[in-house]
Structure formats: C-alpha cells, structure tokens
Amino acid sequence: MPNVISQRFESFLSFNRYRYLWVALALMVVAIGCYVFAPVKTEHNGGTWFGYTLGVISVGLMVWLAALGLRKRLIRPGKWSQKGRTSAHVYLGIALALIATLHTGFQFGWNVHTAAFGGMMIVIVSGFIGVAIYATVPSKLSENSGSQTFVELKSQLDQVNLQLDKVLFELDGPPLKLGERVLKTDGVLVSQLRALFSQVALPVFEQFRDSIQQARDAGAIERDLSLTVLRLTQSKAALVKRIRLHQRYKALISIWLAVHVPFTFFSMLLVGIHIFAVFYYW
Ligand code: HEM
C-alpha cells in the first residue's frame, strides 16, 4: 500500500507548476502597484477607500485560510486536491501578510489594531515552520516505515509479541525477567511529548540478548530456542524503534498545529475587535 502521507504532501509547494505562487505574486504586484498609484487624499492608512478595500480583502483571505481545517475534513476524493489546497493556503497566506501590511499603511502603535495585525503575523510566521515540517517529515516517515502504515507496523508488533510470549514459557531465571520486560515494551509511547523527547534506543533489549547468549554458552538454553528468541527480539526491537520514530514525527506535526490553529482563532478574535472598534468610533 503506498504511503498516503508522503504522497499527500510531496511537492505541495510546486503543485501544478507553482500555480498558486503565481496567483499570489500577481495579487502582491497588483496590491503594491495600487498602493503606489492609488489617488488617496492623505497618507495611506486603513481608513481611506483603498485601506478599506485592502481590509475587506484581508479579512476575506483570512477567513478563507482559517476555513482550511473545516474543508480538510469535508473534502472528498475528486474534489479539490489536498495538495492544491495546501499549496494555495501557503502562497495566499504569504500574500495576505503583504496585503494586510499595506492595509495598515505602516501605521503601527500600542492599540488593538496593531494587536490584530500582530496576531495574524504570528499565525503566518508559524506557517513557515509548518511548511518546513510538512516538507521534511512525511519523507522521513516514509523512509522510516517504508510502504507500511502505522496500523500495519502495530499489527506486526502484536504478532511478534504473541510469538515471544509463547517462547518465554521455556525460559527461567534472569533471562525470563528481562524477557518479560521486553514483552511489555510498547512501541506507542503514552504521550506525544514523551515521544518527542524520550530515547528511541532500547537498552533492555540489549541486556536481554546478552543474558540469552550467556545462558546458551552456559548450556542452560538450547541453541534452537536461543536463536528463535534472539530473532524475535531483534524483530521486536526494529518494530518498536520504527513505531516510536513514527510517533515522534507525528508529535512534531501535532505540536506545530497546537500553535498554528489556536493562534488562528485568537487572531480572528482580535480582528473582530479591531473591526468593531473601527465602526464604533467612526
Ligand atoms: C492568517 C493566516 C493563516 C491562517 C488563518 C491559517 C490557518 C490554518 C488552519 C486553520 C489550518 C488547518 C489546521 C488543521 O486543522 O489541520 C492550517 C494549516 C496549515 N497552514 Fe495555515 N494559516 C495561515 C497562514 C499560513 C501561512 C502563511 C502558511 C505558510 C507559510 C501556512 C501553512 C500551513 C500548513 C503547511 C498547514 C497544514 C496544511 C494541511 O494540513 O493540509 N499557514 N492553517
């Protein structure tokens, strides 16, 4: 089965010969051109006819970008592609940074208007970190798990555990104790934070292997049994490592989303307050 994640994100930046990069560049060039040549009476700011126009475009773009989460869940195959959607999101998000800056007319201060602008810029800047993660992590995920999905890796681990459980019956003493710890070692770490920081190396597996080898050298375990145990331990160690790495990469994406998405709502709230204040004090 092809790795769905890696296919989904492969080259979203260059989607359809950079179609959305060109759209965003065109938008930005038109916006700058109008900014330079627009016949506004006084200096540029959000309150001129041109400022209002850019403000309306910025809010429209922001709502559209924020609707991504919803669209992502509603999208059906055959409709707008995931790659195209992400590509448009990234490039039009960058265009928004420029359009909203022109909307302000570079008039910044310690007020709710600048706070709304700052909130939006935090979302946009965090977007760049997201691009870096999305552009590298999916390929790392597929390098790590080959063509196997997380569910497949997990079911392989369950099978190895079953076999290991059977052969542990034939051990006793220290090898059995260590073997039980190996059996209990799970691929899935409890929390994503732990997955991010905890070690992927598995010292108990090494200790278990050493103890099996010693028991075999001492004649306490038959050669065939020791070979089976060592083979199963090796398979389990490889699977646990791959699953944990998988978890780690996924944790990175979740942590990033935990910044990008809440700041989206927060900045929209600030923009709402900004718009209310503009009309209230008109
Ligand atoms: C104010 C502007 C922006 C808003 C309101 C916004 C909002 C969002 C939302 C709501 C999601 C969906 C998260 C989810 O539920 O999965 C998202 C995903 C994402 N955003 Fe933004 N974003 C903005 C700007 C940007 C910019 C400028 C970039 C890149 C430079 C960016 C990069 C991304 C990426 C890579 C994703 C993941 C795409 C996916 O899951 O398909 N965002 N954004």
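Leaving out its neighbours within four places in sequence, Gly130 is in contact with Trp256 and His260 (contact means C-beta atoms, placed from the backbone, within 7 Å). Gly130 and His260 sit 130 residues apart in sequence, yet their C-alpha atoms are 8.2 Å apart in space. All of this comes from a predicted model, in which local features need pLDDT of at least 70, side-chain atom pairs count only at pLDDT 80 or more, and totals for chains, interfaces and linings use all residues. Residues are numbered from 1 along each chain as its sequence is written.

Gly130 belongs to helix α6 (helices are DSSP runs of H or I, at least four residues, numbered from the N terminus). It counts as partly exposed because it has 19 C-beta neighbours inside 10 Å; 20 or more would make a residue buried, and 12 or fewer exposed.

Gly130 also turns up at the ligand: of the 24 residues around it, Leu65, Gly69, Gly93, Gly127 and Gly130 come nearest (a residue is near if its C-beta atom, placed from the backbone, lies within 6 Å). Two or more residues of this shell come from each of α3 (49-66), α4 (68-74), α5, α6 (112-145) and α11 (223-280). The biggest share, eight residues, is from α6.

Next comes α5. Its 23 residues (82-104) should span 33 Å at 1.5 Å a residue, and the end C-alpha atoms are indeed 33 Å apart, so the two agree; the expected span is 1.5 Å times one less than the number of residues. Just past α5, Gly105 has a positive phi of about 65 degrees.

The largest nonpolar core holds 24 residues, and Tyr20, Ala24, Tyr91, Ala95, Leu96, Ile99 and Met120 have the most contacts inside it (a core is a set of buried Ala, Val, Leu, Ile, Met, Phe, Trp, Tyr and Cys residues joined through C-beta atoms within 7 Å). Elements giving two or more residues to this core are α2 (15-37), α3, α5 and α6, with α5 giving the most, nine residues. A second, separate core of 16 residues includes Val182, Ile212, Leu239 and Ile243.

Val182 leads on to α8 (residues 173-184), where Pro175, Leu178, Gly179 and Val182 are buried. These four cover an arc of only 110 degrees around the axis, which puts them on the same side of α8; the arc is taken from the directions from the helix axis to the C-beta atoms. Gly173, Arg181 and Lys184 are exposed on the other side of α8. The buried residues of α8 pack against α7 (150-168), α10 (203-217) and α11.

Notes:
Contact = placed C-beta atoms within 7 Å.
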